[in-house]
Amino acid sequence: MKRRVTQGRPNRPDVRPRGQGTMAQDGYSQALSGTGNTMNQGRSRSIRQGRNLPEVRADNLSVVVEALQKLQPISRSALADATGLTAASITHMVNELTAFDLLVEVPSNERQVGRRPTLLSFNRQRGQLIGIEVSRTRIHAIRSDFSGQALAHLERPFRPTASVKKGLTAIGDVIAELIDPLLPLLGIGVGIPGPVNSTLGIVIEPPNFGKWRNVSLADALSERFGVPCWLDDDAKAAAYGERWYGAGRHEETLLYISLRSGVGAGLIVGDRVYRGAHELAGEIGHTTIHVDGPLCECGNRGCLETLVSIPAIMQEARRLGLDIAEPGDLHRLALAGDTVAQNIKDRVYLYLLAALVNAVNHYDPAVIVLGGQLVRSWPDLTATLARNVKGRSFGYLSQDVRVVESLLAADASALGAVAIAIHHILRDPGQTLPDTPVTGLHIDGPELRAP
Ligand SMILES: [Zn+2]
C-alpha cells in the first residue's frame, strides 16, 4: 500500500547500517561532520558504522518537511497521520523547526468543539535559498523559500573558457542579483558538470570546462555570501529536483537520466543520492552498450554516451548525408518519411532501451525520469521507451516501473540544488542557519496555500 508521503522511522531498530557503499555514505551529512570518505580522502573501516540519533532525527525531519511542503498548512495530528510518526515525535520535530523559526502557527478556520486546532506552515519570512545550475552555456538560478517553492528565476550566459576567477565572479554575481535584500540568505546549492567532490564542494575537472580543475567552488561562494554552500554534479542535482518537486515526487527509488551533449544520471534511494565508493554509482552514460563501439573519453569503448549523446547523433546524421542543424530536425525528417532519419532514431532508441533495461535490472527503480534537450526534441522518445521496457526485463520488475519525462525540464538542476541546500540545513540547523530570527520583519504573515 502506498502512503501519500514518505513515512518516518519511529523506532531506532530499523535504521540502516552505516558503512562503505551504503546510502549513508552520501556526503551531505558528512560535509558538516567532516567524516566523509571521499575521492581524495579514502578511509577504510573494518567495523560497520552505526547511525547516530542525530542522523535518524535528520531523516525524520526531512520526512516532516516533505509532508509540510506538500500539505501545508496542516495540523500536528494530520502531520502524524501522513508521516506515520508518533504524535510525540511530531511534537518534538515541530518544536525544533519552530525553535529555528522555520515554522509558524496559524489558526484553523475549522470550527470544532473545544479549542480550534492550529495549523503549521513554513515561515516565508525566515529566509531565502538560492539554487543554481552552472552549465557550459548558461547560469540558471532560482530563489526559493524553505518549502522549495521557486519565487524568482534568473538566467545569464556563461562560458567556462574564461579564467576560473572570472567564472567564480560571474556565478557569484548572478546570486547577488537574485537575492531579495529584505530577507536573510539561508544557503546556496549548486549543480555543475561533474566530476565533483560533493563532500568537499570541489569541481574536479569537467570535460570542456576551460581551466576548471579542483576548484573549491562551494568555499568561494560561501566566503562571498557568508552562508553555507553545497554542490553536486548537475545530473544528480536534477535527480534531486525531480525527486522532491517533479516527476518522481515521493518515490523512494528514482533514476534520473539526462540526455543532452553528454548522458548524465543520478540514482536516488530514500531521500539520498546513491554515490558508491567514488561518487560514480549510477553513471549509466558509461555503461557498455556496444563492446566494439567507439572510444569514449572515459577510456572504455561503446559507452551509451558515445552512441546517444546529441553530438554523437548529429555526427552520425552527417555521416549518412543528412543536412540538419539540431536533433529536432531529425525527428521532423523521420515524421516526413525519411528512412535514413528514422533508422538513426530507431538505433538510438534501441541503445537507450538496452541501457534502461540494464538499469531496471541493476537498480529496480520505481521511476525512471528522462530529461535533457534530446527528450524535448524527440517528443515520442519517452513513450517509446516506456512501452518497450516492459517487454524486456523481468515481468514483475518492469510492469511497475514508470518511465516518465522530467516535469521540471530546464529547472530540474537549479531546483534540485535548492533541495540539496534544504536537506543539508535540516541535517544540522543549529550549525547552518543564521542566528538572527527574523519573525516580525514583515508584519504580514506567511502566505497560505490550500491543502
Ligand atoms: Zn565512457
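**Exercise 1. What joins S3 to S4, and through how many residues?**

*Solution.* This is a predicted model. Step 1: look at the link after S3. A hairpin connects S3 with S4, and it uses three residues. Step 2: check how the two strands pair. S3 and S4 (residues 138-144) are antiparallel, with six bridges between them. Step 3: pick out one pair. Leu129 sits opposite Ser144 in S4.

**Exercise 2. Find the strand that S3 pairs with in the parallel sense, and name the bridge partner of Ile132 there.**

*Solution.* Step 1: recall the rule. Strands of a sheet pair through backbone hydrogen bonds, either parallel or antiparallel. Step 2: apply it. S3 runs parallel to S6 (residues 185-192), and six bridges join them. Step 3: go to the residue. Ile132 has Val190 as its bridge partner in S6.

**Exercise 3. Decide whether the faces of S3 are buried or exposed.**

*Solution.* Step 1: recall that side chains in a regular strand alternate between the two faces of the sheet. Step 2: sort the residues. One side of S3 holds Gln128, Ile130, Ile132 and Val134; the other holds Leu129, Gly131 and Glu133. Step 3: apply the cut-off. A residue is buried if 20 or more other C-beta atoms lie within 10 Å of its own. Every residue on both sides is buried. Step 4: conclude. Seven of the seven residues of S3 (residues 128-134) are buried, so the rest of the structure largely encloses this strand. For the protein as a whole, 43% of the 451 residues count as buried.

**Exercise 4. Write down the strand order of the sheet, and explain why one side of S5 and of S9 lacks a neighbour.**

*Solution.* Step 1: the order is S5-S4-S3-S6-S9, an open sheet of five strands with mixed pairing. Step 2: look at the edges. S5 (150-157) and S9 (229-233) each have a single partner strand, so one side of each has no neighbour in the sheet. Step 3: add the twist. Neighbouring strands are turned by 15 degrees against each other on average, direction ignored. Step 4: add the helices. H6 (residues 217-225) packs on the sheet and touches S6 and S9, its direction making about 150 degrees with that of S9. H7 (residues 234-245) lies across S3, S6 and S9, at about 105 degrees to S9.

**Exercise 5. Place Ile132 in the largest nonpolar core.**

*Solution.* Step 1: this core has 112 residues, and Ile132, Leu356 and Ile368 touch the most other members. Step 2: find the main contributor. H15 (residues 412-427) gives the most, with 11 residues. Step 3: list contacts of Ile132 beyond its neighbours within four places in sequence. They include Ile139, Ala141, Ile188, Val190, Ala414 and Ala417.

**Exercise 6. Describe how H10 packs against H11.**

*Solution.* Step 1: two packed helices are described by the angle between their axes and the distance between the axes. Step 2: for H10 (residues 327-335) and H11 (residues 339-363), the angle is about 120 degrees and the axes are 7 Å apart. Step 3: classify. At this angle, H10 is oblique to H11. The crossing is left-handed. Step 4: name the contact residues. H10 supplies Leu330, Leu333 and Ala334; H11 supplies Ala341, Gln342, Ile344 and Lys345.

Note on methods
Residues are numbered from 1 along each chain as its sequence is written. This is a predicted model: local features need pLDDT of at least 70, side-chain atom pairs count only at pLDDT 80 or more; totals for chains, interfaces and linings use all residues. A residue is buried if 20 or more other C-beta atoms lie within 10 Å of its own, exposed if 12 or fewer, and partly exposed in between; C-beta atoms are placed from the backbone. Helices (H or I, at least four residues) and strands (E, at least two) are DSSP runs, numbered from the N terminus. Two strands pair if DSSP finds at least two bridges between them. A nonpolar core is a set of buried Ala, Val, Leu, Ile, Met, Phe, Trp, Tyr and Cys residues joined through C-beta atoms within 7 Å. Two residues are in contact if their C-beta atoms, placed from the backbone, lie within 7 Å. Axes are lines fitted to C-alpha atoms, for helices over the stretch in contact, and angles run from 0 to 180 degrees between N-to-C directions. Angles under 35 degrees count as roughly parallel, over 145 as roughly antiparallel, 65 to 115 as roughly perpendicular and the rest as oblique. A crossing is left-handed if the near helix is turned anticlockwise from the far one by less than a right angle, and right-handed if clockwise.
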